[in-house]
Amino acid sequence: MANVISNEYLGQDMHLLKIEGSFKGEMGQFYMVRAWENYPVLSRPISIHNIEEESITFLYRVVGEGTEILSNLKTSDDVKLEGPYGNGFPKVTGKVALVGGGMGVAPLYLAAKKLKQMESVEKLDVYMGFRDEAILTEEYEEYADELFININGKVTDDLDVDKYDYIFTCGPEVMMESVVNMAKGSNTKVYVSIEKRMACGVGACLVCTCKTQSGNKKTCKDGPVFLGEDVYYA
Amino acid sequence: MPNLKVKIASAEFKNPIVMASGTFGFGREYGEIYDIEKLGGISTKGLTIKKRDGNNGIRIWETPSGIMNSVGLENPGIEGFIKNELENLKKLDVTTIVNVGGATLQEYVDAVNLISKEDVDMIELNISCPNVKAGGMAFGIKEESARNIVRVIRNITSLPLVVKLSPNAEDIVRIAQVCEEEGADGVSLVNTFKAMAIDINNRKNVFENTYAGLSGPAIKPIALRMVHEVSKNVSIPVMGMGGITTWKDAIEFIMAGATCIQIGTANFMNPSAGIEILEGIKSYMDKEGIKDLSEIRGII
Ligand SMILES: Cc1cc2nc3c(=O)[nH]c(=O)nc-3n(C[C@H](O)[C@H](O)[C@H](O)COP(=O)(O)OP(=O)(O)OC[C@H]3O[C@@H](n4cnc5c(N)ncnc54)[C@H](O)[C@@H]3O)c2cc1C
Ligand SMILES: Cc1cc2nc3c(=O)[nH]c(=O)nc-3n(C[C@H](O)[C@H](O)[C@H](O)COP(=O)(O)O)c2cc1C
Ligand code: FES
């Protein structure tokens, strides 16, 4: 059990939930989040947005029952966190772009922060696409060499893949697939963060299978981050 | 200290808490999270003679107080299991149950022949999986087909044999009796209930297979009733399951007649559910002055 520090509404059904405690986690990993007893049955997988010495933060959008309960949490309410789970983004060198669409921007904040600390990273650009209005631009700007915001269009329109050695992307599958396709034939390596429905979150139940060129993978354990070209998109 | 040991044929369990097939992998993953050696037993993911990739499309869907799954017996095959998982599982101080499935009688036979050469504690014959197109549950619906498969399998293995029953059976009590008549050492029940969900926005079935298996707290009262009915009508041990989430649920199943209880969906609600249920049972026994679970088993 951990306690809520704050649960800030950012507009457009998006919230920033900050929880007290010293938590572990790498960029691209997630926690199974639960703020209720037995119902709903399953915990919800949510990416780590940020980790500080005494807190962990999740950025989420209300889409259904579970996230609705999260949105009603108040300071000092209890939350159960299991994790960190999964295989996050790799540590890389050279020029890196982070490309997020909608709630897909959530894990890219920790990624930006961690990559910025790495001397091997020469350039770090962040691309974010939103439907109506951008959020948290100042926060991402702190770590990005350049920040590109796209509203109600295609975030990939702004992207020149050849400028980068690595691209980390998270968001709608069609968007990630198009980044992967843009990078085909180039030297740019694309890593995607896949979302699948989960039950156990630890690799024991096989409900989160992601089809890849090397066979079935567990999104929760082998992923959620995969090499983009390996994944068969839905 | 209350005595929690139970026995089914030659298989000994240090306590009656068993992790249900398909919800606990081969023990590796939860083993990274807590001390799973405190558990009584682990039933593996359902294994088939050939490796299976499982079903396409959505595999899990929530419903009030339950979940529906359509994994479709994805598994590495018996050989893959023996090669990559068995060693690790055997090292653990828990009773190892190998859950075996198949599409045809021959597949069951081949799988059981292969696994019977290994040092495992028990076979759980899964004739109740609702998520495969051929075989699986079909063997567990009618009395004659259940009798046939249990007879054949009993003849080829000397390992303790528990048959896992489907709540979708025409008459689950009859099927359990048939298992006993054919020499099974026990029965386990229930597997998931055949269920369904429709995505009204897309006007489509949620699951590619149309039907899926319902588990979790939603099925507990029916599962409990079935465990009770079966326990009253067979003399072999019963492993009871279906929605067990708390130690109180577990005690209910034991009072209904279960020798062991299995925990499935509750692992997803709380990874250490098994340990918490075990601790709960112990303090209940202490408080009530119960020395051995046999004092309350089947009292209803
Ligand atoms: C690895 C991973 C990281 C994620 N990180 C974030 C994040 O940082 N911020 C964020 O807002 N969302 C994130 N999601 C999506 C988030 O898990 C879902 O939005 C959430 O589970 C919806 O729950 P609900 O009860 O509100 O919706 P409901 O639709 O009521 O949920 C019903 C069931 O479907 C599942 N489900 C529904 N949508 C999704 C989805 N997109 N992905 C997986 N399961 C889903 C739920 O977990 C639940 O079991 C992530 C998903 C994954 C797999
Ligand atoms: C994701 C999932 C996978 C399962 N896979 C198997 C399986 O491979 N073999 C089997 O006999 N039962 C399987 N089951 C059924 C469970 O072992 C158990 O019988 C059922 O879920 C009821 O118990 P519960 O309500 O505690 O989950 C599976 C259940 C779930 C939820
Ligand atoms: S959620 Fe259980 S294996 Fe991934």
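Modeller: A cavity is a set of grid points where a 1.4 Å probe fits but cannot get out. The structure above is a predicted model.

Colleague: How many cavities of 30 Å³ or more are there?

Modeller: A space is counted here if a probe fits in it but cannot get out. With the limit set at 30 Å³ or more, the count comes to two cavities.

Colleague: Which residues lie nearest the centre of the largest cavity?

Modeller: The largest cavity holds about 480 Å³ of space. Its lining takes in 36 residues. Those nearest the centre are B:S21, B:T23, B:N69, B:N191 and B:T192.

Colleague: Which elements of chain B each supply at least two residues of that lining?

Modeller: By class, the lining of the largest cavity has 16 nonpolar, 18 polar and two charged residues. The elements of chain B that each give at least two residues to this lining are β6 (66–69), β16 (260–263) and α9 (266–269).

Colleague: What is the volume of the second largest cavity, and which elements give two or more residues to its lining?

Modeller: The second largest cavity has a volume of about 110 Å³. Of its 14 lining residues, A:M32, A:S43, A:E82, B:F268 and B:P271 are the closest to the centre. The elements that give two or more residues are β3 (30–34) and β7 (78–85) of chain A, together with α9 of chain B.

Colleague: How do the residues of that second lining divide by class?

Modeller: Residues of the lining are sorted as nonpolar, polar or charged. For the second largest cavity the division is nine nonpolar, two polar and three charged.

Colleague: Now the helices. Is α2(B) roughly parallel or roughly antiparallel to α4(B)?

Modeller: Helix α2 (residues 77–84) and helix α4 (residues 105–116) of chain B pack at an angle of about 20°, with their axes 9 Å apart. Angles under 35 degrees count as roughly parallel, so α2(B) and α4(B) are roughly parallel.

Colleague: Which residues of α4(B) does α2(B) meet?

Modeller: The contact has six nonpolar residues, one charged residue and no polar ones. From α2(B) come B:I78, B:E79, B:F81 and B:I82. The residues they meet in α4(B) are B:A111, B:L114 and B:I115.

Colleague: Is the crossing of α4(B) and α5(B) left-handed or right-handed?

Modeller: α4(B) and helix α5 (residues 143–156) of chain B pack at about 25°, with axes 10 Å apart. That angle makes the two helices roughly parallel. The contact includes B:L105 and B:Y108 in α4(B), and B:N148 and B:I149 in α5(B). The crossing of α4(B) and α5(B) is right-handed.

Notes
Residues numbered from 1 in each chain as written. Chains lettered and ligands numbered in written order. Predicted model: local features only at pLDDT ≥ 70, side-chain atom pairs only at ≥ 80, totals over all residues. Heavy atoms only, no water. Axes fitted to C-alpha atoms, helices over the stretch in contact; angles between N-to-C directions. Helix = DSSP H or I, 4+ residues; strand = E, 2+ residues; numbered from the N terminus. Parallel < 35°, antiparallel > 145°, perpendicular 65-115°, else oblique. Contact = heavy atoms within 4.5 Å. Nonpolar A, V, L, I, M, F, W, Y, C, P; charged D, E, K, R; others polar. 1 Å grid on protein atoms, 1.4 Å probe; cavity = no way out; pocket = protein on both sides within 12 Å on 5 of 7 lines; lining within 4 Å. Points joined across faces, edges and corners; volume = space filled by probe spheres on them. Left-handed = near helix turned anticlockwise from the far one by under 90°.
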